[in-house]
Amino acid sequence: MNTLLKNSISENVKNIEISGIRKFYNKVALYPGAISLTLGQPDFNVPEKIKIAMIKAIEQNKTTYTQNAGILELRREISNYLENLNIFYDPEEICITVGGSEALMDTFTALINPGDKVLIPTPAYPAYESCVSILGGTVINHNLKEDFSINFDELKKILENEKPKMIVLSYPSNPTGAVLSEEDNKKLFNLLCKHDIIVVSDEMYACLCFKENYYSIAQYEKIRNKVILIGGFSKMFSMTGLRVGYVCAHPSIMDEIMKVHQYNVSCAPSVAQWGAYEGLVNCMEDVIYMKDQFIKRRDYVYTKLKSLGFDTNLPEGAFYIFPSIKTFSMRSEEFCEKLLKEAGVAIVPGSAFGSGGEGHVRISYAYSMNKLKLCMEKLDNWINSF
Ligand code: PLP
């Protein structure tokens, strides 16, 4: 790159890398015939009723800007949906965004001053660290335990010593599939009550919790003023490309998030908002169907990995499994490179999810059972060839 152009780039942007997930996904194209289990994109079509609702919205010319916060009908339905999870936000406390991604970036932009400390678990969804770094914030990591639950001793020390401005929680987790237990939710609440800290809870996969009861820090009325909830429909209705998410916050924070959102995108796509609305009103059975399929796939991949000798946790939500590869004496990047080159299977190195992800790989089971079976057979043969 010529010097003028090189010097023009923001230092904060220059210093971050494109997502390791995408990097591996892009590599698959270089190996004809290779199969990818890299993306967090369900293989189901968007429910038929959502398609019809969006076609109708176009025919009715609902193609103009909506309110900045999004259509009231959808915000009301989100409020009802969250109520079923014991999370209470009024429609006025909800802003519809361009996917969960915009909700995250708007939230961080509204709150972070350069140098502000943000506490992020590792391993975690890579966007948290990158967004914070772009904004000049300082990332502090806390390591999760072997089973990917919270290490409260470490968390307590960091909160006391570093006094971060913000903590990010991410359950059900991408990449580990861990969910928040009732006990950990209570412990978190007790701990966070004692600190002046803003909590960003990314619950993108709330609809894909495989346990009967759902726990979230946003369920505690006492700290609701300092909790910001992120959600969305990309995974829920298998509509990743339609780009509808949301952020919920106390009005005093929401007013600031709204400024960022307004100058950033004005509003989320109108037609897709009507699609998400239809989804919440009439497509919850489709969500249950998809969740059942994910559980079947999870069980298959988990059992197969165990039989191949992998040390792995049973995921309790989302559609990822994060087995350890420590017995292979390879770094996760090398493991994935070799698996791709030699067996034609693409998965994501754990290092893409931060330092705490090293020694693991992420397999997405948002792919068809046929693909999963083929990949597991290839993995089996590859391991046996050592
Ligand atoms: N949060 C988590 C944990 C995710 O895994 C993702 C996407 O994979 C997002 C947020 C972003 O969601 P969206 O695709 O709706 O922008």
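Here is a friendly exchange about the ligand site and some backbone details of a predicted model.

Colleague: Before we start, what pLDDT do local features need in this predicted model?

Modeller: Residues are numbered from 1 along each chain as its sequence is written, and side-chain values use heavy atoms, with hydrogens and water left out. Totals for chains, interfaces and linings use all residues in this predicted model, side-chain atom pairs count only at pLDDT 80 or more, and local features need pLDDT of at least 70.

Colleague: Happy with that! Which helix gives the largest share of the shell around the ligand?

Modeller: The surrounding residues, each with a heavy atom within 4 Å of the ligand, include Gly99, Gly100, Ser101, Tyr125 and Lys235. Helices here are DSSP runs of H or I with at least four residues, and strands are runs of E with at least two, numbered from the N terminus. The largest share, 3 residues, comes from residues 99-111, helix α6.

Colleague: And how far is a ligand nitrogen atom from an N or O atom in the side chain of Asp202?

Modeller: Polar contacts to the ligand are pairs of N or O atoms within 3.5 Å. A ligand oxygen lies 2.5 Å from such an atom in the side chain of Ser101, and for the side chain of Asn174 an oxygen of the ligand is at 2.9 Å. For the Asp202 side chain, the distance from a ligand nitrogen is 2.6 Å.

Colleague: How much of the ligand's exposed area does the protein bury?

Modeller: Areas come from the Shrake-Rupley method with a 1.4 Å probe. Taken alone, the ligand exposes 390 Å². Of that, the protein buries 93%.

Colleague: Let's turn to the backbone. Which residue does a cis peptide bond join to Tyr171?

Modeller: Most peptide bonds are trans. One cis bond runs from Thr122 to Pro123, with omega near 5 degrees, and Pro123 is in the loop between β3 and α7. In the other case asked about, omega is about -15 degrees and the partner of Tyr171 is Pro172.

Colleague: Where does Ser266 lie?

Modeller: Most residues other than glycine have a negative phi. Ser266 has a positive one, near 65 degrees. Its place is the loop between α10 (251-265) and α11 (270-282).

Methods: Polar contact = N/O pair within 3.5 Å; in protein donor to acceptor, adjacent residues only side chain to side chain.
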